[in-house]
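Hello,

I am handing over the structure we talked about. Please have a look, and then read my notes below.

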2 protein chains.
Amino acid sequence: MSSVFKALSDPTRRRVLELLRDGPQSAGDLAAKFDVSKPTMSAHFGVLREANLVISEKQGKSVIYHLQLSVLEDALLGFAQIFGLGAPDAADQKPSKNQSVES
Amino acid sequence: MSSVFKALSDPTRRRVLELLRDGPQSAGDLAAKFDVSKPTMSAHFGVLREANLVISEKQGKSVIYHLQLSVLEDALLGFAQIFGLGAPDAADQKPSKNQSVES
DNA sequence: GGTTTATTTAGCCAAATGACGAATTATACC
DNA sequence: GGTATAATTCGTCATTTGGCTAAATAAACC
């Protein structure tokens, strides 16, 4: 769980996740979209993999990365819920925090 | 914005935010709840302050820290929304991602 | 003014992080 | 088998991070 937030703390890695939102991509295709070396990107992928934010699947000589949305969801919304945040949708005015979150 | 995720990447700092959820607290009172030295805690407070996740108010010889919930909300839910996450409350079954987030 | 109390700053250290180029591994292609 | 391509591992480096103790600052109290 801490590994997820650690992974999210780097802008390059957050960007990778955003790119993966549009569908699985190979390590090379992803790396091509960044200004850093491939070994560096590989290290970033490793951090994301270890946090289970992505899974990798070897296909031919490529490695395809898939986003694991559920892990991101659990971390982000799980943590948000601790603070009574989340679900800014009821009607369309924020009902603020009168939902008796504490007590 | 990146500073917020950076701040959230440390478990001690996340814990500080959780404690602050129950109301403002002095630096000393907060520090007493952790196993690290006060200077170390002061550095953590500095990171949280710089990310605007907390604000500090000097009161007598103490410094009172307040949680800035809105900043946490913007970062967490804002980022979650990029992925079509958020609001797991409609009725009570997750309607999953049929909300046509992309296309 | 001097002392205690609360917090931060200064200076240091070890470990982790993000970056690189070079070398390695693994697969495909001829 | 040999070569090209894709990705990772290795070794190195500079910077950042999180921790500490000691010193400095700030406010209250006698």
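**Contacts with the DNA**

A polar side-chain atom of A:S42 sits 2.8 Å from a phosphate oxygen of DNA strand D, a polar contact being a pair of N or O atoms within 3.5 Å (within protein, one must be able to donate a hydrogen and the other to accept it, and residues adjacent in sequence count only if both atoms are side-chain atoms). This is a predicted model, in which local features need pLDDT of at least 70 and side-chain atom pairs count only at pLDDT 80 or more, while totals for chains, interfaces and linings use all residues. Residues are numbered from 1 along each chain as its sequence is written, chains are lettered from A and ligands numbered from 1 in the order in which they are written, and side-chain values use heavy atoms, with hydrogens and water left out.

Strand D also has a phosphate oxygen 2.7 Å from a polar backbone atom of A:G28, and another contact puts a phosphate oxygen of DNA strand D 3.1 Å from a side-chain N or O atom of B:R13. Around DNA strand D there are 23 residues, where near means that a heavy atom of the residue lies within 4 Å. α4(A) gives the most to this surface, with five residues.

Now for DNA strand C: A:K6, A:S37, A:H44, B:G28 and B:Y65 come nearest among the 23 residues around this strand. Sugar and phosphate make up 78% of the strand C atoms within 4 Å of the protein. A phosphate oxygen of DNA strand C lies 2.6 Å from a polar backbone atom of B:G28.

Best wishes

Key. Helices (H or I, at least four residues) and strands (E, at least two) are DSSP runs, numbered from the N terminus.
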